[in-house]
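Trainee: Could you go through this one with me? I'd like to know what stands behind each term we use.

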Amino acid sequence: MGKSLFQKVWDAHTVGTIADGRTQLFIGTHLIHEVTSPQAFGMLRDLRLKVKFPQRTFATVDHIVPTINQDAPQDPLAAEMMQALRKNADDFGVTYFDLASGKQGIVHVVGPEQGITQPGTTIACGDSHTATHGAFGAIAFGIGTTQVRDVLATQTLALEELKVRRIEVNGDLAPGVYAKDVILHIIRKLGAKGGIGYAYEYAGDIFDRMSMEERMTVCNMSIEGGARCGYVNPDTKTVAYLNGRPYVDMSDFNATAARWLSFASDADAHFDDIVRINAADIEPTVTWGISPDHGIFISENIPDPAKANTALEKASIEEALAYMKLEAGTPIKGVKINVAFIGSCTNGRISDFREVAKYIQGHHVAPGVQALVVPGSQIVAIQCEQEGLPEIFRAAGFEWRGAGCSMCLAMNPDKLVGDQLCASSSNRNFKGRQGSSTGRTILMSPVMVAAAAINGSIADAREIFHMDATATIA
Amino acid sequence: MALEPVPSVTGLAVFIPGADIDTDRIIPARFMKCVTFDGLGEFAFYDVRFDEHGVKTKHPLNDPRFSKASILVAGVNFGCGSSREHAPQSLRKYGFNGVIAESFAEIFYGNSTTLAMPCVMASPEDIVAIRDAVEADPETEITIDVKALRVRTSGGLDIAVTMPDSAREALLSGRWDPIQELLDNDAAIDAKAAELQYV
């Protein structure tokens, strides 16, 4: 019987088994950022250890960095964290893509664009959206701070092996349905805890046709479905994307490419579970509640607790409705928004901004709505500038910012105020996620965020932008 | 490095209602702007315990009857969301040293075990039974017995619970922080690095 990519990469990186039965897994690439590394470096210093493989360790600053006046964070705590990372990178010899480097950005945007993220590798980072890198056929997952210490000290982790669920999406996507809608739909169907204990392999016609950036959007939100990691098998698109990137060894690229492709799941690979979804069933999806699995189609109504199947479900819907201040059984379309946010490690790449820019010319952000557009990295920002995108956004009333995590999780000045409702291209809609303890988040694709910003309320982008059959992606 | 084995934890308990309690709720991100984990205890469940005006809410965590609780009882998917270790760290520093839930998110589970905080899973019916017992008598003493995989209460409940074998092994053997074992395999690590073409 053949092996899945997960099995191939897991086996290739297994160092041994520790006493409690867990695998000691070699972590080929360690990405770090300023929030989950200071304590880990502190622990390293306490143990009087060095970083074992500094050449396999790459750092950037993303969570706390402001998106305006980036060099001078007003917040002394933020400044302290940035200084700590600078000192740790210098003391331990770790590569740090800082603000002066021109290569800074959200860690899950920087890894791929630098060619650090590669097929057949294991990648860890103290951030649950590390699953993003699985788009390249890597086994990539989030870890806690003490585990960051383990990787720094030993380049290994103690881990339980995961089962693998293959999720096939076949057929054709309708116009105006994006990669973001695909993953929101998958999470809706399988639930926020459906993936616990699993790695998700995303496959089928739709994933074959997706670009690398679209695959990243999907893999990014694996953790929202409970799956610690998610991946797409590497193919010629993966090879083409990585060809010539800074950290790719180009000395015998054909051989490297062949090796990368060999990690793809065998045709007769064993999977612990297989789920099949028909692409044509997927419509533009938005969340209505306080969990990423609270997804509904733009045409649907907000759930009604009276129609819940169990007492627990009823209580859950009631809790969400109360927090979101939404009315049961009413359309999600037309819900007024205060803030719009396009960015984050889910949807902060060049293709996201190009796609929105295609549609917003001639439109303007509605009065009273604050709309932020945040490139995922300094390199993405420059690319956008070269294509004239910031001017298009500004002309339409959007604010164009510097690179960072921004309003996704509000550890920086970009925060909701009071019970503001934000249409967001990020990945979590938990209570208080965007910085205010009463702030409300509705997740959707970047084009849907733009439509909401222009309409002043949740809207069907296909109607706002008169999308026809040519608006089909993948 | 010799760590204490954790065969059981005993204490009073508090039930926290709600499914899918995420790590943003356990420790809001704005309190994570720190370079150590010190002081995180006072911010555990901050936006659950205080409203937007800083006034204490009507929540079990603010109920003086449960003020001495060291065992947290919860529903499904406890600790979902971010990988932030700040979440179990803030719970430990708040005063919790064990969690009984219907289910746990994976990263949170691993982080908690590494901090020697046993997390065990009970059936929905048993969670209700524990909750009812504790609400009827907040002085009910609960024991999470990692060795026997049981939860027992001073009121006479004796419930079967589950946890992954490796976590149970780690807690019972005092190897809940694997760093020494990982370090000990240095030669094998170097051999693996030499084997992998991209390293």
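Mentor: Sure, and keep in mind that this is a predicted model. Let's start with the word helix: here that's a DSSP run of H or I with at least four residues, numbered from the N terminus. With that in hand, look at α13(A) and what follows that helix: G388(A), with a positive phi near 70 degrees.

Trainee: What makes residues 378-386 of chain A count as a helix?

Mentor: They form a DSSP helix run that meets the cut-off of at least four residues, so they get the name α13.

Trainee: Which residues of α13(A) are called buried, and why?

Mentor: Q378(A), I379(A), V380(A), A381(A) and C384(A). They're called buried because each has 20 or more other C-beta atoms within 10 Å of its own. Their packing partners are α4 (107-113), α12 (350-360) and α14 (389-395) of chain A.

Trainee: How do you know that β3(A) pairs with β6(A)?

Mentor: Pairing takes at least two bridges, and three join β3(A) to β6(A), so they pair. The two run parallel, and T29(A) has I123(A) as its bridge partner in β6(A). β3(A) also pairs with β4 (residues 57-60) of chain A, in the parallel sense and over three bridges; there H30(A) stands opposite T57(A).

Trainee: What makes you say both faces of β3(A) are covered?

Mentor: On one side sit T29(A) and L31(A), on the other H30(A) and I32(A), and all of them are buried.

Trainee: Why is β11(A) called an edge strand?

Mentor: In the open, parallel sheet with the order β11-β10-β9-β12 of chain A, β11 (229-232) pairs on one side only, as does the other edge strand, β12 (273-278). Four bridges join β10(A) to β11(A), and one bridge pair is E201(A) with Y231(A). From one strand to the next, the twist averages 20 degrees.

Trainee: How are the domains of chain A bounded, and what touches what?

Mentor: The domain assignment gives domain 1 (5-274) and domain 2 (284-471), with C-alpha centres 25 Å apart. Their contact takes 39 residues from domain 1 and 41 residues from domain 2. On the domain 1 side, α6(A) gives the most, with six residues. By class, that side has 16 nonpolar, 15 polar and eight charged residues.

Trainee: How do you know that the largest nonpolar core lies between those domains?

Mentor: Both domains of chain A give residues to this core, so it lies between them. The core has 216 residues, and A340(A), V73(B) and I100(B) have the most contacts inside it. Among helices and other elements, α15 (residues 446-455) of chain A gives the most, with eight residues.

Trainee: What is I100(B) in contact with?

Mentor: Leaving aside neighbours within four places in sequence, the list includes I71(B), V73(B), V120(B) and A122(B). They count as contacts because their C-beta atoms lie within 7 Å of that of I100(B).

Trainee: And how many residues does each chain give to the contact between A and B?

Mentor: Chain A gives 61 residues and chain B gives 52. The elements that each supply at least two residues on the chain A side include α3 (76-92) and α11 (311-324). That side has 21 nonpolar, 25 polar and 15 charged residues.

Definitions and conventions. Residues numbered from 1 in each chain as written. Chains lettered and ligands numbered in written order. Predicted model: local features only at pLDDT ≥ 70, side-chain atom pairs only at ≥ 80, totals over all residues. Buried ≥ 20, exposed ≤ 12 C-beta atoms within 10 Å, placed from the backbone. Contact = placed C-beta atoms within 7 Å. Domains from an automatic or database assignment. Nonpolar A, V, L, I, M, F, W, Y, C, P; charged D, E, K, R; others polar. Axes fitted to C-alpha atoms, helices over the stretch in contact; angles between N-to-C directions. Core = buried A, V, L, I, M, F, W, Y, C linked by C-beta atoms within 7 Å.
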